[in-house]
Amino acid sequence: MANQESTIRSIHDFASQNPNITCLTSSSPQFNQLRSIYAHPEIIPLAIIRPSTVKDVQTVVSFLATKRIEFTIRSGGHDMHGRSMRQETVALDMRLINNVTVNPHSSEAAGSETSTATATATIGGGILTGDLISTLHSHGYATPVGSVPAVGYVGWAMYGGYGAYSAQFGLGVDQIVGARIVNARGEIVEADQDLLKGIRGAGGAFGVVVELTVRVYKIQKILAGMIMFESTDLSTAIPQYNSAYAALAAAEEGLPLALSVHQGILNAPTPTFTVLFVWSSSNLDVGYKWLEKIKTLSPCIASTVQETTPRGCLEDADRHFAKTTHGRMWTISMKQITEEVARVIAQYTAKMPDDPHILFDMHQLRACSPSARPNNDSVFSAREPHFEFEINTIVEDQGKLQVALAWGEDFREALRRTSAENIMPVQYLSFMREEEVDHSRIFGEHLPFLQELKRNLDPDNVFNAAISYL
Ligand SMILES: Cc1cc2nc3c(=O)[nH]c(=O)nc-3n(C[C@H](O)[C@H](O)[C@H](O)COP(=O)(O)OP(=O)(O)OC[C@H]3O[C@@H](n4cnc5c(N)ncnc54)[C@H](O)[C@@H]3O)c2cc1C
C-alpha cells in the first residue's frame with residue numbers, strides 16, 4: 001500500500017489533472033466541515049474526493065485502485081460506527097451525486113407481484129433521505145424512508161431500511177429494482193439479477209453504488225406526529241401499552257397497513273415513553289380513529305399528531321435528533337415484545353443516563369408487510385415479523401460517555417438473557433460492529449452465493465470498507 005506522503009502527492013497530481021473533481025486535504029478551507037460524520041467527529045481522513053458525475057466516480061475509482069490507495073465511501077455519514085471515514089484514509093464523498101428522476105410509468109414496478117407501486121425513481125448514489133423525499137413530494141410521490149433526513153438513502157436502503165410505511169410497502173431493501181455501480185476496475189456496470197440480489201442486503205461490498213432505481217408511491221397527505229404517554233412509572237406504562245398493542249394486532253380487524261407506530265423512550269428531560277405515529281393512507285378520517293385507539297393503549301399526556309406530508313413528517317422528526325454526537329448503538333431484534341421483554345425495557349429505560357442524546361427506540365416489521373416473507377431476490381434475511389431494538393448510547397457531553405456505554409451494554413445483555421426462542425437469529429447489520437458480525441447468521445443460506453459474487457466482482461477486496469465485511 002502507498003504511504004501517506006506519496007498518497008498525498010498522488011492526490012495533488014490527480015487533482016491538477018482533473019480540475020472538475022474536488023479533492024480536499026486537511027489544509028483546504030471546507031475540509032473540516034465536510035469531514036464531519038454523525039457519531040465519530042474525531043475521525044480525520046487523509047483526503048476527501050468529491051465526484052459530481054458517474055464518470056467522475058469512474059475516474060476516481062480507477063485512480064485509487066490503480067495506485068492501491070485504500071478508501072472508504074461516504075454518503076450521509078450516519079453509520080453509527082463511523083465506517084464511511086477512516087483515520088488517515090481517503091474518503092470518496094458521494095453527496096454531490098444527488099439527482100432524482102421520477103419514472104411515472106415504470107413497467108418494472110407495474111409488473112411487480114409484490115407491490116402496488118405504479119412508478120419508480122432513479123436516484124444518485126449520494127442522495128440524502130430528506131432531499132429525496134422533498135423532490136419526490138414535488139412530483140406527488142413518496143417512498144419508505146427512515147426517520148432522519150440527513151441519513152444517506154442508499155446506505156439506509158441497501159442494508160435493510162426500516163421505517164414508517166414498511167407495513168404497507170415493505171422495507172427499503174425491497175424498493176430497489178435497479179442499480180448501477182462502478183466496480184473495482186473502474187467500469188460502470190448495470191446490475192444484473194445476481195448483483196441486485198447482493199446489493200439488496202450486502203450493500204456496497206461490490207462497488208460504488210452510483211445509481212439506484214427504487215419504487216415510489218402516490219402519497220401526499222398523511223397524519224404524523226409524536227404521542228407522549230404518562231411516564232412516571234415506566235414499569236407500568238411500557239408493559240401496559242405493549243400488551244394492549246398486541247391484543248389490538250391480534251383482534252379480528254387487525255392493524256391497518258397504513259398505520260405505523262414506532263415506540264421510543266427519550267430523555268425529555270426525564271425518560272419519556274413516546275410513539276411516533278404515521279398514517280399513510282389518504283383516508284385521514286380512518287387515521288384519526290386509529291390515532292384515538294393508539295392513544296388509549298396507555299394513559300396519554302400529549303400528542304403532536306397532525307395532517308402533514310412525508311416531507312413535513314421528516315422535518316418535524318429532525319428537530320428531535322442530534323446533528324453530531326459521540327458514542328455507539330447496540331442492537332438486538334426480537335420476535336415479540338413479551339411481558340418479560342417489556343419488563344426489561346422498562347427497567348433499563350427508567351435508569352437511562354441523563355444526557356439529552358441518549359434514547360431507546362425500535363422498528364417493527366409486521367407480518368402483513370410485503371417484506372415479511374421469504375425473498376430469494378435479496379440476501380437480507382430478517383424476513384420473519386420482528387421488532388428491531390436500538391439502544392443509542394450517544395452523548396452530547398463526552399464526560400458521560402463511559403456511563404452511557406456501560407448502561408447500553410448491560411441493557412443489551414439483559415435483553416439477550418430473555419427467552420432464547422424469542423430472539424431473532426438475524427440481527428441488523430447496519431448497527432453491528434465488525435467483531436459482532438457472524439456472516440452465517442446474518443446472510444444464512446445466501447452466504448455461499450455472496451462469497452462467490454464477491455470473489456468474482458471484487459477479488460482484491462478493493463471495497464473492504466463495506467459494512468458487510470465479505
Ligand atoms: C440518527 C440515525 C438515524 C437512523 N435511522 C434509521 C432508520 O430509521 N432506519 C434504519 O433502518 N436505519 C437507520 N439508521 C441507520 C442508517 O440507515 C445506516 O447507518 C446507513 O448505512 C447510513 O447511511 P449513510 O449514507 O448516512 O452513512 P455513511 O456512513 O455515509 O454510509 C454507511 C455505509 O454505507 C456505505 N455507502 C454509502 N453510500 C454508498 C454508495 N453510494 N455506494 C456504496 N457504499 C455506500 C458506506 O461506505 C458505509 O459503509 C440511522 C442511523 C442514524 C445515525
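User: Before we look at helix H3, what does "contact" mean here?

Analyst: Contact means heavy atoms within 4.5 Å. Keep in mind that this is a predicted model. In this case, helix H3, residues 54-66, lies across E2, E3 and E4, and runs at about 165° to E4.

User: Which strands does helix H1 lie across?

Analyst: Helix H1 (residues 4-17) lies across E1, strand E2 (47-50) and E4. Its angle to E1 is about 150°.

User: How do I read the sheet itself, and what is its strand order?

Analyst: Strands count as paired if DSSP finds at least two bridges between them. Here you get an open sheet of four strands, ordered E1-E2-E4-E3, with mixed pairing. Strand E1 (22-25) and strand E3 (71-74) sit at the edges, each pairing on one side only. On average, neighbouring strands are turned by 20° against each other, direction ignored.

User: In which sense do E3 and E4 pair?

Analyst: Parallel: E3 and strand E4 (residues 90-93) share four bridges. For one you can click on, Thr72 has Ala91 in E4 as its bridge partner.

User: Now the domains. How much area do domain 2 and domain 3 bury between them?

Analyst: About 3100 Å², with 62% of it on carbon and sulfur atoms. Domain 2 covers 100-219 + 445-457, and domain 3 covers 222-435. Contact involves 36 residues of domain 2 and 37 of domain 3.

User: How many salt bridges cross that interface?

Analyst: The rule finds one, along with 15 residue pairs in polar contact. On the domain 2 side, helices supplying at least two touching residues each include H5 (129-138) and H15 (447-457).

Key: Residues numbered from 1 in each chain as written. Predicted model: local features only at pLDDT ≥ 70, side-chain atom pairs only at ≥ 80, totals over all residues. Heavy atoms only, no water. Axes fitted to C-alpha atoms, helices over the stretch in contact; angles between N-to-C directions. Domains from an automatic or database assignment. Buried area = accessible area lost by both parts, 1.4 Å probe. Salt bridge = Lys/Arg side-chain N within 4 Å of Asp/Glu carboxyl O. Polar contact = N/O pair within 3.5 Å; in protein donor to acceptor, adjacent residues only side chain to side chain.
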